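Student: Please take a close look at one helix pair in this model, and place it in the wider chain.

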Amino acid sequence: MSVRPYRDIYRRKSRQIFVGNVPVGGDAPITVQSMTNTLTSDARATIKQILELEEAGIDIVRVSCPDEESTAALAEIVRAVNVPVVADIHFHYKRAIESAKAGAACLRINPGNIGSAARVREVVQAAKDYGCSMRIGVNAGSLEKHLLEKYGEPCPDAMVESALDHARILEDNDFTNFKISVKASDVFLAVAAYQGLADACDYPLHLGITEAGSLRAGTVKSAIGMGSLLWAGIGDTIRVSLSADPVEEVKAGFEMLKTLGLRHRGVRIISCPSCARQAFQVIKTVEVLEERLAHISTPMSLSIIGCVVNGPGEARETDIGLTGGGQGNHMVYLSGVADHKIDDAGIIDHIVRLVEQRAADIDAQALDTAPAL
Ligand code: SF4
């Protein structure tokens, strides 16, 4: 019995696949993905961007492979990065085969869109030979014509039917090493389609609200759509689609998972909006701290609260807390207990030092308690 049952999320039981060495589905942690927006044929630029995404904590990265130049660059990219690479293919079955040979960990391809049964067989064989998984990616904006005619417009049933049709093609080729997405830019449509698909199969699901929009609008929209699905236990891997730097997609993905307690990475900052009672500049302090603490991957919590109205209460629930006090005397809490006071000068450096120290302690403790191999 959980101590706080109101926080429990019961994840849908999906089968597990692997994208490279990263498990997706089953009891594996929900993974965070993004997609590069460099030219894949420009291996240097693509590698640089993937390394930046790795810094932000990405688990799996996707690159578009629209032409031969892209698949030609893929082998170099795969060699230079540490996370598994998914090759995004549309229609061109040869790009899929080239990508598999180049070391892609997964092929994002819809088998119903690549032509004859022989071509599908060739792609599946390449995936088997080179140890690739696949992602079937149904998109409301590009549903098959016969389904649009049958249903009149893109709707949840049409999307689920499309996904299951593609899945059947792979199953008929004795291939079940895949995950599925049913994305739409409309949250209602996407959520209903994912709910339908979650009931209809046990394949792992890749969540996304496609073409969600700008950094702010897209993050809110994705959080509503994907957040409600994750809360209901649906989803094994996620990608937030933003018209913004892909690093922002990774950050937004982790924030969603952290909010729901599904994944913990880095410093979770709790801060007040500030008001006339604030005893230091809360907004600026949080802004700078977020930047200065971005390199910390150890999960921990930090409360930055402008005054005693809410400061002590929040500090009790966090690893490190700062509460604004009168005459520039601010209280620092460690593990919920008031520990020492600091003045305005050097708030940032002081908190950064404390967080880094705590991260090192937590990491050392984890090493101590890890079972010997
Ligand atoms: S905690 Fe204090 S400073 Fe922050 S918003 Fe509330 S009353 Fe204002």
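Tutor: The helix pair comes after a short note on the model and its domains. This is a predicted model, in which local features need pLDDT of at least 70, side-chain atom pairs count only at pLDDT 80 or more, and totals for chains, interfaces and linings use all residues. Residues are numbered from 1 along each chain as its sequence is written.

The protein is divided into domain 1 (9-259) and domain 2 (267-369), with bounds that come from an automatic or database domain assignment. Their C-alpha centres lie 37 Å apart.

The pair is helix H7 (residues 187-200) and helix H8 (residues 215-231), whose axes come within 10 Å and cross at roughly 20°. Helices here are DSSP runs (H or I, at least four residues), numbered from the N terminus. Axes are lines fitted to C-alpha atoms over the stretch in contact, and angles run from 0 to 180 degrees between N-to-C directions. H7 and H8 are therefore roughly parallel to each other, a term for angles under 35 degrees. The crossing of H7 past H8 is right-handed (the near helix is turned clockwise from the far one by less than a right angle).

On the H7 side, the contact is made by Val 187, Ala 190, Val 191 and Tyr 194; H8 supplies Lys 221, Ile 224, Gly 225, Ser 228 and Leu 229. Contact requires C-beta atoms, placed from the backbone, within 7 Å. By class, the contact of H7 with H8 has six nonpolar, two polar and one charged residues; Ala, Val, Leu, Ile and Tyr are among the nonpolar types, Lys is one of the charged ones, and Gly counts as polar.

Notes:
Helices (H or I, at least four residues) and strands (E, at least two) are DSSP runs, numbered from the N terminus. Angles under 35 degrees count as roughly parallel, over 145 as roughly antiparallel, 65 to 115 as roughly perpendicular and the rest as oblique. Two residues are in contact if their C-beta atoms, placed from the backbone, lie within 7 Å.
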